[in-house]
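User: I would like to learn how to read side-chain contacts in a model. Could we go through them one feature at a time?
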Amino acid sequence: MDKIDLQKLEELNNQHAIKVVEEAIQLCKPAKVTVITDSKEGIAYLRNLAINNGEEKKLKMEGHTIHFDGYYDQGRDKPHTKYLLSQDVDWGLGVNYIEKDKGLKEIYSFLDGSMAGKEMLVKFFSLGPTNSIFSLKALQITDSAYVAHSEDLLYRQGYEEFKKLNGSSDFFFFLHAAGRLENGVSKDIDKRRIYIDLEENRVYSVNNQYAGNSLGLKKLAFRLAINKAQNEGWLAEHMFVMGVHGKKDRVTYFTGAFPSGCGKTSTAMIPGQTIVGDDIAYLKKINSKVMAVNVESGIFGIIRNVNSEDDPLIYQALTSPRELIFSNVLINDNIPYWLGMGKNIPNKGINYSGEWTEGKKDKQDNKITCSHKNARYTIRLSALENIDPKANDPVGVPIKGVIYGGRDSDTTVPIVESITWEHGVFLGAIVESETTSATIGAEGVRKHNPMANLDFISVPFKTYIKNHLKFKNDLKEIPKIYAVNYFLKDEKGNYLTGKTYNKLWILWAEGRVNGDYEAIETPIGRIPKYEDLKEITKRELKIDYTEEEYVKVFSIKVEKYLEKMERMSKIFENIQIPAAFTEELKAQTERLRETRTKFGEDIISPFKFFDIQK
Ligand code: SPV
Ligand code: MN
């Protein structure tokens, strides 16, 4: 490290930060070390470095670049992402872990000398807005300029924030090495490892480039944050944060957790609403109110099916000059193309498989699509016209409602409000998503994904649920909890509720939390009254919502719901879970059985339930 870089480190007055950098240098043995501050020059340096070393290539449009990950490095590597644990813990739902000493020995051996001849980048970030009690500090060391550049687009700067630590070790640390490269992509994929040390708040990641594996600040920091949150009594969640715009300029903030492919980003981007964040939120109780911040300041979004009709604002951001990174799309004549972009796609170019022509097949004889289905764009949130004015507010935004989304073709109603907070936690914990044709394997298989967080829960499941249950304590106003499902189908397999209706459900919830609408009490929770949906549809969507449509999707399918409870009983009977949660499951099942007896039917029209309340 030269004098200037050393001085930049020393100015932080933090022995712990200096120590981890020194140790990383000793282990990875880089040819050069560069410490980057929050200055404009520092950030520009990363972008230029990514271009000069070939990790990113300039595209035709000003500021746009393309980055390719390896053919076999196109998503999060779940089997090789493990917690380092010194002792066996009963996690409840399965997690992947390795005995700590063994895991450290292995990953150190892969990291040893991994940066020989390369430049080590040392960069500081803030998870959450700067100058905020929400925010956590993060130190990223990487030999990938693409990783550091992506994090510049996705997170707030943290060099100045680190000074405020006053020498404390209360920061997250991420060490990433892309490993040996061949044609610009990580070569030793069999030695790809991502090991998470919850005791030390640090993560080691080696032999990979895909952002979900390599960017410490994304899902790796999220795992550390969930663990930290449990110990400190707040929540770190896989949630968007959005402002819902109700009657008379009223803005009400919601958070929402949806497994991938269930409409998370499209909910956060519903026309007429404003976005605070689309992926990860921290929730804290401040003055007895729930406040939330977006941990990130950018979007690492799936680009497939982003087109001018379905996602006009994102499409506009991706097709105008600004700093942004495309990954794993098709490039022809320095112009990016992707699946579902609503334009003619050239039949040749460069993509994540190298030179590509239409019809190209991989070693397993599968057709290689022009862009990968998990191809992404990386942009700053400020690139979007619908960014919420409070997106960077250090005190966060007040949360009045929480939404859990799933994908279910035949059981759950489009929207239901929980009866109590505890019932709401239960609704979050029973989220399922059906596999679609977009995923490999059979279609229509239900995958349980509690709070859309299954991959990231870094504490025993019992602790995670307990923390959710007690989060309502001492609150003056308890947020209402909703479960939504945009994917009900009719007998012929056609979707029953179009995408435009997503707005209807969320506006109903916005009205509910503000006391505008009554609701119908059913055994599965509170559902909208027909008149209210009709009024909102007329006002906001300029269409007539018919009674037939309403009855079709809001009828309670008792048998189907009982089947769902059966599936959940099977999952939860084998794991430790708070008694209050087991009670919810029992009570829900009981209410459904009573309803069946009372009505003597399987499918019960919403008009048959009278118990109306505000
Ligand atoms: C997700 O898969 O939930 C993402 C992308 O947000 S990744 O970075 O791969 O986690
Ligand atoms: Mn995510």
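Analyst: Let us begin with one charged residue: K480 has a relative accessible area of 25%, so it counts as partly exposed. Please keep in mind throughout that this is a predicted model.

User: Which residue forms a salt bridge with K480?

Analyst: The partner is E417, and the closest N and O atoms of the two are 3.9 Å apart, which falls within the 4 Å allowed for a salt bridge. Because K480 lies in strand β31 (residues 480–485) and E417 in strand β28 (residues 415–417), the pair ties together parts that are 63 residues apart in sequence. E417, with a relative accessible area of 0%, is buried.

User: How many salt bridges are there by this rule, and which residues are linked in a network?

Analyst: The count comes to 51 salt bridges, and D408, D410, E434, R446, K560 and E563 are linked in a network of them. Another case is the bridge between the side chains of E559 and R596, at 2.4 Å from N to O; since E559 belongs to helix α16 (residues 558–573) and R596 to helix α17 (residues 579–599), this pair ties together parts 37 residues apart in sequence. E559 counts as partly exposed at 27% relative accessibility, and R596 counts as partly exposed at 30%.

User: How should I read a metal site, and which residues are the protein donors of the manganese ion (ligand 2)?

Analyst: One starts from the donor atoms, remembering that water is not among the atoms, so sites may look incomplete. Here the protein donors are K219 (NZ), H238 (NE2) and D279 (OD), lying 2.2 to 2.4 Å from the manganese ion (ligand 2), and their spacing in sequence is K-x18-H-x40-D. K219 sits in helix α8 (residues 216–232), whereas D279 sits in the loop between β17 (274–277) and β18 (281–286), 60 residues apart. K219 counts as buried at 6% relative accessibility, and D279 likewise counts as buried at 9%.

User: What about the aromatic rings: how many aromatic pairs does a search of the whole structure find?

Analyst: The search finds 32 aromatic pairs, and each is read from the distance between ring centres and the angle between planes. Y83 and W91 form a stacked pair, 5.3 Å centre to centre with 20° between the planes, and both residues are buried. The rings of F572 and F581 have centres 4.8 Å apart and planes at 70°, so that pair is edge-to-face; F572 and F581 are both buried.

Conventions
Residues are numbered from 1 along each chain as its sequence is written. Chains are lettered from A and ligands numbered from 1 in the order in which they are written. This is a predicted model: local features need pLDDT of at least 70, side-chain atom pairs count only at pLDDT 80 or more; totals for chains, interfaces and linings use all residues. Side-chain values use heavy atoms; hydrogens and water are left out. Rings of Phe, Tyr and Trp (its six-membered ring) pair if their centres lie within 6.5 Å; planes under 30 degrees apart count as stacked, over 60 as edge-to-face and the rest as tilted. Buried means under 20% relative accessible area, exposed over 50%, partly exposed in between (1.4 Å probe, protein chains only). Donors are N, O and S atoms within 2.8 Å of the metal (3.2 Å for Na, K and Ca); water is not among the atoms, so sites may look incomplete. Helices (H or I, at least four residues) and strands (E, at least two) are DSSP runs, numbered from the N terminus.
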